[in-house]
Every structure is written in C-alpha cells, then in structure tokens.
Amino acid sequence: MKTVNIGLIGFGTIGSGVAEYLLKNASELRGKTGFNFKLLKIAEKDRKKIPAKYRNLLVSGVEKVTNDSDIDVVIELIGGINPAKSYIISALKNKKHVITANKALLAEYGELLFKIAKEENVLLKFEASVGGGIPIISSLKNSLIANKIESILGIVNGTSNYILTIMEEECIPMERALAIARSKGYVEKNPRLDLEGIDSAHKLAILIKLAYGFTPKLSRIYREGISYISDLDIRYALESGYRIKLLAIAKKKSKDTIEMRVHPALLPITHMLSSVRGVFNAIYIKGNLVGEVVFYGQGAGKMPTTSAVIADMVELAQYVGNRSCIQRESFSLKSQMLGNIKDLSFRYYVRFMAVDKPGVLAKISGILGAYDIGIASVTQKERGLAKSVPIVMMTHEANEMSMKKALERIERLKVITDKPVYIRVET
Ligand code: HSE
C-alpha cells in the first residue's frame, strides 16, 4: 500500500482540524482510498499551540518541511501573502505537491504559483480557498467541465452575510452587528477583508480562473463592501420584497467579455440565494448545458474546511510518485474584463432623505427624468420625530453613469439632507 507523507505548515484553526482528522481517521481513510496517509512534520512558530500528542512532529523552521525529501505533500494553512508565498514556492521547487486554502495568495499570485507547479511537474490544489467545505472548485474543474459558464453569483463571505442577516433579524445597526460578529470570532484580523468585499473579490478571482480561464487583476474587479448598508435599507428592501446580500458576480457578456463585480445587491426574496442566512455561503452557477446549479454550505470553520483539504489530499495521493502530472488549469478564452461598471445598466433601489414639504418629489423625479431614469415605484415613509423623511424608490433599468450623475445633482438640492443611498438590484 502506498504511503503518502504529509507536512503541515500552520497549526491554527484549520491546521489543527487537519491534524486531528488524520490522527483519528487514518485507518478509515486507508479503507476508503487504499492509501496510507501519514502526518510526518508540523511547522508552527507558536509552539504553545501544539498539544502534547503532536509535539514529536513539531519542527523548528518551515524549511524542515519544505526541504524534507520524505514529504510528498505540503499543506500550507497560515494564510496571508507573506511568508506563505515563499513557503509554497520552496515546496513546489522541491517537487512537492501543495495544498493551500490561501485565497488572497491565489488571487494575487495564482498564475505564478501554477506556472512553477507546472515547471516542476507537481500539483497545487486549493479546494478550501473558496466556500470552505463546499466542493465548488472540483465541481467547476471536473463535474461542470463540459459547460460554458454563463454566470456565477456567489455569497462567498460568511462574515458579511452574518452581519446582514442579524441586522435584519434583530433590527440592529451595522456597528452592533459587527461587534457581535467579532465576539463570535468571525471577523478577519483585518476587518476590511470582510467588510470591504476584498475577501469576496479574492474568491471571485479564483472562480473566474476556473470558469473562464484567466486570473483577473484584482483592481479590474469592481468592488464595494457592506459598510454603507443601514438597517433602514434592509427593512425598506424587505418591505418591497428584496433582501440585501453581498454578491460576487461574474457574467459572460459577449464572446470574450466578462463582467466582474462585488457589491451589495437587492435580491428578490424568492431567489435561492436570498435564503442563505448567517455565516453560510452559496454559489449559484449557470452553465449552458447544465442550466442552473446551486452549491450551499459552510464557507468557513475548522471541520468544514478540513473536509476540503482532505479531499485535495486524497486526490493528490494518486499522483505521488508520478514523474509527470500536468496542472489542468490553464485553458484560456483570451477573455477581456469589463473594467468599468459605469457602462452597465441595472435596476436600482434608491433612498433619499429629504425635507418634508410640497414639491420635493417633483424636483427629484425631474432630475431622474432628465437622465432617462424611470421610476418603477416610490414610497415616502413616515417622518416620525426626525426633521427629514426617507423617500424610497425602485427604478427601471438605468445606466450606472447616468444614475451617479443624477444623484450628484439631487444631493446638491437644498431639500436633500443626506447623501442618497443607491443599491443595485440583481435577479
Ligand atoms: N472571512 C472569511 C468569511 C473566512 O467570512 O467567509 C472564510 O474564507
């Protein structure tokens, strides 16, 4: 029976899950796969993290894992760009297959890493990088291979989905929801990754690579986060039959043009992704043959992510000892990215805060009309004790650039008390 020797870099949440799994399930996995998996070494700079039962595996210095001639597969689970990048490069150059969950690194340096893997005849696997335990990478790579992917719509950041969910369920503002998410340990060390849509953009870049064959520059993905979403907008959207979700979107616009964007959007409550609550993730894919498919599950967490890492490990086992294995990832559609959201058209939810006096609505709708923006519905909410009233509109499809210009003009009106909020509608 072939033995596959594993070296682990990083003993954080996922690393400890992988070690625990290998310790407890080695014989079951042997029975299921016909391979013997052996955790040989662990590199972790914080020695205190390592329980006594793994101490004999602990090495000082990552190179003792990446240079070890007995190790077949290196699992990198420290996250972040540096030093993870140099560890992976060193492992690949030492002809080791590598598994990573590192979405930021793949989004920024995926092309370089895949190139090195190819040159060295080894494989780089990354199932855990998007959607945690959801088998989305292997599905795009294998099960959906016959399809031309028409669109991808994903809720791929559990933290922002959790925040939006509890803002709705508990009628609380963003700051309170963020504090709760923090107290549960959901928020990344750098909260901008979650709140500003950066993490979603990293994951979208990886999905685009699989679906369309090129890794987009992150700066070419249009990106907005959830920071500007208020509980008021969540409530008003719901009253109109929509939920606000942070979506990662890729759509094929023409033969070689892909629309790529991450931003909050109103989704009809009947849309499948609308019912994705809390930290759960879901990815909706439309293929030309398969039609619509939806993948749903836990997008983070110790054991769901371990599940994905182990799947990669088992797949790699068959290549251990092979002198030649080709990284099947680089088909290219010569796709072009659509760089400018201003060229696109959407339906919009818009909220104005205005002084409650006659003629205000006429002024607003006059400016919208001048920019060819049609109003589908309008509601003025009760004033209560506040000095201004919310006016909520749903528009017909309008050009983004026109919408921006119209809102700039409306904001300058004396009767408008706050910056208007506008959110795109996705269907
Ligand atoms: N911060 C990420 C999320 C972790 O909230 O989804 C999993 O990639």
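**Exercise 1.** How do the residues of the shell around the ligand divide into nonpolar, polar and charged?

*Solution.* Start with the source. This is a predicted model, in which local features need pLDDT of at least 70, side-chain atom pairs count only at pLDDT 80 or more, and totals for chains, interfaces and linings use all residues. Residues are numbered from 1 along each chain as its sequence is written, and side-chain values use heavy atoms, with hydrogens and water left out.

Step 1: list the shell. A residue is near a molecule if one of its heavy atoms lies within 4 Å of it. Around the ligand are Lys103, Val156, Asn157, Gly158, Thr159, Glu188, Asp194, Asp199, Lys203, Gly299 and Ala300.

Step 2: sort the shell. Ala, Val, Leu, Ile, Met, Phe, Trp, Tyr, Cys and Pro count as nonpolar, Asp, Glu, Lys and Arg as charged, and the others, Gly among them, as polar. The result is 2 nonpolar, 4 polar and 5 charged residues.

Step 3: assign helices. Helices (H or I, at least four residues) and strands (E, at least two) are DSSP runs, numbered from the N terminus. At least two shell residues come from each of helix H6 (158-170) and helix H9 (198-212).

**Exercise 2.** Find polar side-chain contacts of the ligand, then state how far the protein covers it.

*Solution.* Step 1: apply the cut-off. A polar contact is a pair of N or O atoms within 3.5 Å.

Step 2: take the ligand's oxygen atoms. One lies 2.5 Å from an N or O atom in the side chain of Thr159. A polar side-chain atom of Asn157 is 3.4 Å from an oxygen atom of the ligand.

Step 3: turn to nitrogen. The side chain of Asp194 has an N or O atom 2.8 Å from a nitrogen atom of the ligand.

Step 4: read the cover. On its own the ligand has 260 Å² of accessible area (Shrake-Rupley method, 1.4 Å probe), and the protein covers 86% of this.

**Exercise 3.** Classify the packing of three helix pairs.

*Solution.* Step 1: set the rules. Axes are lines fitted to C-alpha atoms, for helices over the stretch in contact, and angles run from 0 to 180 degrees between N-to-C directions. Angles under 35 degrees count as roughly parallel, over 145 as roughly antiparallel, 65 to 115 as roughly perpendicular and the rest as oblique.

Step 2: H5 (residues 136-143) and H9 have axes that come within 9 Å and cross at roughly 15°. H5 is therefore roughly parallel to H9.

Step 3: H6 and H7 (residues 174-183) pack at about 120°, with axes 9 Å apart, so H6 and H7 are oblique to each other.

Step 4: H3 (residues 84-93) and H4 (residues 103-119) pack at about 15°, with axes 10 Å apart. H3 is therefore roughly parallel to H4.

Definitions and conventions
A polar contact is a pair of N or O atoms within 3.5 Å; within protein, one must be able to donate a hydrogen and the other to accept it, and residues adjacent in sequence count only if both atoms are side-chain atoms.
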